[in-house]
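Colleague: Please take me through this entry with the reasons behind the labels, because a label is of use to me once I can see the value that stands behind it.

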Amino acid sequence: MMYSTTPTSNSSTLSNNSAFDGQLPQQIFSRREVIPHQNDVLWRIEQGAVRTLTWGEDGTFITLGYWGLGDLIGYPLSKVKPYQIECLTGVEVSIVPPHLWHQDTNALLSHIQQAEDLLSIVHRKPTSLRLWQFLVWLSEKFGRDVEKGKLIDLNVTHQDIAEVLNTTRVTVTRLLHQLEEEGTVLRHKRRIILRLPNQLIKNYGSAISN
């Protein structure tokens with residue numbers, strides 16, 4: 001089932017300070033709400049996380065990216081159709097009009113770099129390596145240090161992960177169970193904790209591919 005592209009009544013418009021000069025209008029969206037289609041604005045994420053996605057003729061979702069604090073997102077950055085921005089948490093965004101886009105070239109470059117990082121991950125083999133590197137990527141973007149490791153502070157389901165990695169939910173569940181048995185990941189409520197020391201996280205990805 002496709003998500004509606006119409007904002008719900010929970011959305012509200014605010015005015016607040018932003019990283020850009022002066023003030024930009026801001027808008028708040030609820031979890032699982034879809035940010036409306038606008039061809040002439042970019043959205044700067046001030047709080048929360050979103051994913052961008054499209055879908056095939058059979059209705060299968062294809063995740064294009066995960067985005068968080070400080071990221072610029074929006075329809076002008078993609079030629080993929082259909083294209084949708086779904087809120088993974090409660091989200092607050094600033095509305096950035098075209099004449100101000102040049103003021104944050106670092107965020108625009110970061111958008112390209114992050115998209116390429118994720119693209120490189122989804123083509124790794126075997127699937128176990130693909131999953132691990134995606135978890136590391138999430139931990140670097142949305143993680144925070146906790147007593148037992150690095151907590152991915154984002155509620156992503158097994159199905160969400162499967163859609164990113166072009167595999168099945170069953171496969172993701174099986175591989176996550178294997179990582180738990182190895183002691184390299186820990187489940188905390190609906191979150192995932194990577195349990196390796198920070199300096200070993202990336203190296204571990206090379207080890208499990210051998």
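Labels and the values behind them

Modeller: The model is predicted. The backbone oxygen of Pro 97 lies 3.1 Å from a polar atom of the side chain of Trp 101.

Colleague: What makes that pair, with the backbone oxygen of Pro 97 and a polar side-chain atom of Trp 101, a polar contact?

Modeller: The cut-off for such a pair is 3.5 Å, and the distance here is 3.1 Å, so the pair counts as a polar contact under that rule.

Colleague: Is Trp 101 buried, partly exposed or exposed, and why is it called that?

Modeller: Trp 101 is called partly exposed because its relative accessible area of 22% falls between the limits of 20% and 50%. Trp 101 sits in the loop between strand 9 (91–96) and helix 1 (105–122).

Colleague: Which residues does Trp 101 touch beyond its neighbours within four places in sequence?

Modeller: Trp 101 is in contact there with Asp 40, Val 41, Leu 42, Pro 76, Val 96 and Leu 108. Of these partners, Leu 42 is 59 residues away from Trp 101 along the chain, yet the two C-alpha atoms are separated by 7.8 Å. For the protein chain as a whole, 66% of the contacts with a separation of 6 or more are between residues 24 or more positions apart.

Colleague: How do you know that the length of helix 4 (residues 169–182) agrees with what one should expect?

Modeller: Helix 4 has 14 residues, which at 1.5 Å a residue should span 20 Å, and its end C-alpha atoms are 20 Å apart, so the two values agree. The buried residues of helix 4 are Thr 171, Val 172, Thr 173, Leu 175, Leu 176 and Leu 179; each of them therefore has a relative accessible area under 20%. Just after helix 4, Gly 183 takes a positive phi of about 85°.

Colleague: Which residues have a positive phi although they are not glycines, and why are they called buried or exposed?

Modeller: Asn 166 has a positive phi of about 55° and is found in the loop between helix 3 (158–165) and helix 4. Its relative accessibility is 68%, and because the limit for exposed is over 50%, Asn 166 counts as exposed. Lys 189 also has a positive phi of about 55°, in the loop between strand 12 (185–188) and strand 13 (191–194), and its relative accessible area of 76% places Lys 189 over that 50% limit, so Lys 189 is exposed as well.

Colleague: What is omega for the peptide bond from Lys 81 to Pro 82, and for the one that joins Lys 125 and Pro 126?

Modeller: From Lys 81 to Pro 82 omega is near -5° and the bond is cis, with Pro 82 in the loop between strand 7 (72–73) and strand 8 (84–87). Between Lys 125 and Pro 126 omega is about 0°, again for a cis bond, and Pro 126 lies in the loop between helix 1 and helix 2 (127–142).

Colleague: What makes up the lining of the largest pocket?

Modeller: The largest pocket, with a volume of about 520 Å³, is lined by 26 residues, and Ile 62, Thr 63, Leu 64, Leu 118 and Leu 119 lie nearest its centre. Strand 6 (61–67), helix 1 and helix 3 each give two or more residues to this lining, and helix 1 gives the most, with 7. By class, the lining divides into 14 nonpolar, 9 polar and 3 charged residues.

Conventions
Residues are numbered from 1 along each chain as its sequence is written. This is a predicted model: local features need pLDDT of at least 70, side-chain atom pairs count only at pLDDT 80 or more; totals for chains, interfaces and linings use all residues. Side-chain values use heavy atoms; hydrogens and water are left out. Helices (H or I, at least four residues) and strands (E, at least two) are DSSP runs, numbered from the N terminus. Buried means under 20% relative accessible area, exposed over 50%, partly exposed in between (1.4 Å probe, protein chains only). Contact means heavy atoms within 4.5 Å. A polar contact is a pair of N or O atoms within 3.5 Å; within protein, one must be able to donate a hydrogen and the other to accept it, and residues adjacent in sequence count only if both atoms are side-chain atoms. The expected span of a helix is 1.5 Å times one less than its number of residues. On a 1 Å grid over the protein atoms alone, a cavity is a set of points where a 1.4 Å probe fits but cannot get out, and a pocket is an open set with protein on both sides within 12 Å along at least five of seven lines; lining residues have an atom within 4 Å of a point. Grid points are joined across faces, edges and corners, and a volume is the space filled by probe spheres set on the points. Ala, Val, Leu, Ile, Met, Phe, Trp, Tyr, Cys and Pro count as nonpolar, Asp, Glu, Lys and Arg as charged, and the others, Gly among them, as polar.
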